[in-house]
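Reader: I'm new to reading protein models and would love a close look at one part. Could you take me slowly through a loop and the helix that follows, with every term explained?

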Amino acid sequence: MLTLTSASSALTLFPECKTQRRRFSISAAADYKFPSFLPKQMEEIKDPFARKLATRIERLPVNVSFSEKSIMSSCVKPLIQSNQNPVVLLHSFDSSCLEWRYTFPLLEEAGLETWAIDILGWGFSNLERIKSCDVASKREHFYQLWKSYIKRPMTLVGPSLGAAVAVDFAVNHPEAVSILKSFPLRLYTTFLAFKGVSFDTGLDWVNIGKLHCLYPWWEDATVSFMISGGYNVSRQIDQVMQKTLIIWGEDDQIISNKLAVRLHFELPNSNIRQIPDCGHLPHVEKPDSAARLILEFMQNHSCQKKAQLAPTEEVVY
């Protein structure tokens with residue numbers, strides 16, 4: 001995961017967390033009112049953290065050059081306004097903002113102004129009239145959303161493919177990003193990505209991850225992205241000037257930790273931290289550890305800025 005953040009006043013770390021993985025009763029389903037644009041299958045989701053975050057998803061109009069009408073773009077907006085620069089959370093390939101259901105509340109509890117954004121082509125935006133979802137379209141859409149609503153340099157956090165989105169965005173729009181952080185078949189992939197997940201929990205997580213696939217435009221948007229060649233940021237990595245934190249799950253079964261070490265050497269001014277007993281997506285499997293590393297990195301960055309003016313920073317998961 002890549003996180004880009006800007007310096008501001010000192011941060012206070014969140015209180016000691018009680019559990020490493022948020023537990024829930026698979027049969028518990030509180031009475032939540034979901035936005036009408038979410039697929040009706042949202043009612044079948046059991047995970048209370050996903051259900052609670054889903055109630056906060058909304059659509060904001062975003063104007064882009066490749067559409068005559070505004071794109072009603074899905075995201076979770078912050079409940080609080082802060083003097084510090086906001087934290088903006090991206091998701092991984094073909095996923096949605098619900099991926100942040102465990103870590104998002106921890107960051108808010110710590111007092112951070114936190115956004116969770118759906119990348120164009122995935123998530124719960126209305127793409128009925130959108131024909132292009134290539135890399136350039138995704139970048140422009142995210143920039144116009146940032147310019148219209150966030151409006152300040154941000155700490156940008158992206159897991160897996162979201163890290164590539166973050167690198168591409170940071171290189172093309174460095175004024176928008178201060179620190180970068182990155183986290184680097186669905187049922188099979190779920191059990192590859194996470195360590196020690198029960199079948200019932202894994203199945204519920206699969207259903208959460210494929211909710212956005214139920215929209216009629218999902219297939220065209222995904223094919224458009226794949227045909228475009230996707231993200232290839234290998235030549236951009238050495239252009240990232242922000243300080244960077246790389247966070248990696250020690251037991252990642254999808255991407256070798258050798259690539260984490262290689263990324264550490266290729267990214268200027270970067271640090272690397274591994275989370276033990278953790279798979280591919282630390283912010284889902286070990287949200288307490290992921291949130292703490294993000295907060296500590298931001299706090300250290302803020303303290304350094306007080307001592308002297310330094311280049312903007314970047315964090316990678």
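**Loops, a helix and its partners**

Author: Let's warm up with D277, which counts as partly exposed because its relative accessible area is 40% (buried means under 20%, exposed over 50%, and partly exposed in between, using a 1.4 Å probe and protein chains only). Please keep in mind that this is a predicted model, where local features need pLDDT of at least 70, side-chain atom pairs count only at pLDDT 80 or more, and totals for chains, interfaces and linings use all residues. Residues are numbered from 1 along each chain as its sequence is written, and side-chain values use heavy atoms, leaving out hydrogens and water.

D277 sits in the loop between β9 (270–275) and α9 (282–285). Helices (H or I, at least four residues) and strands (E, at least two) are DSSP runs numbered from the N terminus. Most residues other than glycine have a negative phi. D277, though not a glycine, has a positive phi of about 55°.

Now for the loop you asked about. S160 lies between β6 (154–159) and α4, and this non-glycine residue also has a positive phi, about 55°. With a relative accessible area of 23%, S160 is therefore partly exposed.

Next, let's see what the helix packs into. The largest nonpolar core holds 72 residues, and L98, M154 and L156 have the most contacts inside it. Helix α4 (residues 161–172) contributes the most to this core, with 7 residues. Such a core is a set of buried Ala, Val, Leu, Ile, Met, Phe, Trp, Tyr and Cys residues joined through side-chain atoms within 4.5 Å.

Helix α4 also has a helical partner. Two packed helices are described by the angle between their axes and the distance between the axes. The axes of α3 (residues 135–150) and α4 come within 11 Å and cross at roughly 70°; axes are lines fitted to C-alpha atoms, for helices over the stretch in contact, with angles running from 0 to 180 degrees between N-to-C directions. So α3 and α4 are roughly perpendicular (65 to 115 degrees; under 35 is roughly parallel, over 145 roughly antiparallel, and the rest oblique). Where do they meet? V135, R139, F142 and Y143 in α3 meet D168, F169 and N172 in α4, with contact meaning heavy atoms within 4.5 Å.

Finally, look at strand β7 (residues 177–183), where you will find S178. S178 counts as buried because its relative accessibility is 2%.
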